[in-house]
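The following exercises are to be worked with the sequence and the coordinates at hand. Each task is followed by a solution in steps.

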Amino acid sequence: MRRKVRRVPVVLDAGEIKDLPQEDIRMILRGADELISTGGRSMLAKILKGSKDKKIFEHKLNECPAYGYYQDMKLDDISKCIDWMIKKDYLRIEYDYRLPLLVFSEKGWQIERETFAQELYQRICLDVEEKKARVIFEMKEVNRQVVMRVLDKIEKDGTKKFLPYLEAWKMLEVKKVAVRIIEVENKIAGKDM
């Protein structure tokens, strides 16, 4: 006979929040991305607050683009925003044994995928301008859907200045991504012919 697991209860309290601006939704999701399936609401609130908590620095969560986004708010008010996000199905709670962890809903993931892809695209544009290749070394750790969105953005831009970057990136990638990079290279190369 198995022992019953006593899960840590979750009580959501969105307070008086009726709506959040789109930018706030994006930044909460961006902060949550650092914790998906590994952390919960209180750690997300600390990231958004810009907390100096030891765990934040141990896990380099202070490097998250959402770190300190709500620096002028109280943790309790930030928690209400997070709870609103859960109630509105941008985020969900799933249990790992007894602990409640944050995960994306489909709606939340669609927004975060686009936000993260745009962020990476802008960093790649900076790499291309500076003739450096920093971001491509991080791409193996990035969700494949996000990587494909970044490639879509490069393809849409269509500028030949991306070609040397794509050539270098292709050498580091798995087959499926490399095939997509070749498609983007071909499209860009043929665009100005």
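**Exercise 1. A loop residue and its backbone**

In which loop does lysine 131 lie? Determine also the sign of its phi angle and its exposure class.

Solution. The model is a predicted one.
Step 1: lysine 131 belongs to the loop that runs between α5 and α6.
Step 2: its phi is positive, about 55 degrees, although the residue is not a glycine.
Step 3: the relative accessibility of lysine 131 is 75%. Exposed means over 50%, so lysine 131 counts as exposed.

**Exercise 2. Another positive phi**

Locate serine 37 and classify its backbone and its exposure.

Solution.
Step 1: serine 37 is found in the loop between α1 and α2, the latter spanning 41-49.
Step 2: the phi of serine 37 is near 65 degrees, a positive value in a residue other than glycine.
Step 3: with a relative accessible area of 43%, serine 37 is partly exposed.

**Exercise 3. Overall architecture**

How many helices and strands does the protein contain, and in what pattern do they follow one another along the sequence?

Solution.
Step 1: the protein has eight helices and two strands.
Step 2: read along the sequence, the pattern is α-α-α-α-β-β-α-α-α-α.
Step 3: along the principal axes, the C-alpha atoms fill a box of roughly 65 × 50 × 30 Å.
Step 4: of the 193 residues, 41% are buried.
Step 5: among contacts between residues at least 6 apart in sequence, 65% join residues at least 24 apart.

**Exercise 4. Surface and charge**

What area does the protein expose, and how many positive and negative side chains does it carry?

Solution.
Step 1: about 11700 Å² is exposed, and carbon and sulfur atoms supply 51% of this area.
Step 2: there are 40 positive and 34 negative side chains, with the centres of the two sets 5 Å apart.
Step 3: a nonpolar patch on the surface is formed by Phe137, Met171 and Leu172, which together have about 330 Å² of accessible area.
Step 4: within this patch, phenylalanine 137 can be placed in the loop between α5 (106-130) and α6 (144-157). Its relative accessibility is 57%, so phenylalanine 137 counts as exposed.

**Exercise 5. A salt bridge between helices α1 and α5**

Are the partners arginine 30 and glutamate 112 buried or exposed? Describe the salt bridge that they form.

Solution.
Step 1: the closest N and O atoms of arginine 30 and glutamate 112 are 3.2 Å apart.
Step 2: the pair links distant parts of the chain, since arginine 30 is in helix α1 (residues 22-33) and glutamate 112 is in helix α5, 82 residues apart.
Step 3: the cut-off for buried is under 20% relative accessible area. Arginine 30, at 4%, therefore counts as buried, and glutamate 112, at 0%, is buried as well.

**Exercise 6. Further salt bridges and a network**

How many salt bridges does the structure hold? Examine the pair of aspartate 152 and arginine 180, and then the pair of aspartate 53 and lysine 46.

Solution.
Step 1: the structure holds 21 salt bridges.
Step 2: aspartate 152 and arginine 180 meet through their side chains at 2.9 Å, N to O. This pair links distant parts of the chain, with aspartate 152 in helix α6 and arginine 180 in helix α8 (residues 175-191), 28 residues apart.
Step 3: aspartate 152 is partly exposed at 28%, whereas arginine 180 is buried at 13%.
Step 4: both residues take part in a network of salt bridges that links Glu114, Arg149, Asp152, Lys153, Glu155, Arg180 and Glu183.
Step 5: aspartate 53 and lysine 46 form a salt bridge at 2.9 Å, N to O. Aspartate 53 is partly exposed at 23% relative accessibility, and lysine 46 is partly exposed at 24%.

**Exercise 7. Valine 11 and its surroundings**

Where is valine 11 placed, and which residues does it touch, not counting those up to four places away in sequence?

Solution.
Step 1: valine 11 is in the segment before α1.
Step 2: its relative accessibility of 64% makes valine 11 an exposed residue.
Step 3: under the stated exclusion, valine 11 touches Arg41 and Asp83.
Step 4: valine 11 and proline 164 are 153 residues apart in sequence, and their C-alpha atoms are 52 Å apart in space.

How values were computed: Residues numbered from 1 in each chain as written. Predicted model: local features only at pLDDT ≥ 70, side-chain atom pairs only at ≥ 80, totals over all residues. Heavy atoms only, no water. Helix = DSSP H or I, 4+ residues; strand = E, 2+ residues; numbered from the N terminus. Buried < 20%, exposed > 50% of the residue type's maximum accessible area, 1.4 Å probe, protein only. Contact = heavy atoms within 4.5 Å. Areas by Shrake-Rupley, 256 points an atom, 1.4 Å probe, with all protein chains shown as cover. Lys, Arg positive; Asp, Glu negative; His and termini not counted. Charge placed at Lys NZ, Arg CZ, Asp CG, Glu CD. Patch = residues over 30% accessible without salt bridge, like charges linked within 9 Å, V, L, I, M, F, W, Y side chains within 5 Å. Salt bridge = Lys/Arg side-chain N within 4 Å of Asp/Glu carboxyl O.
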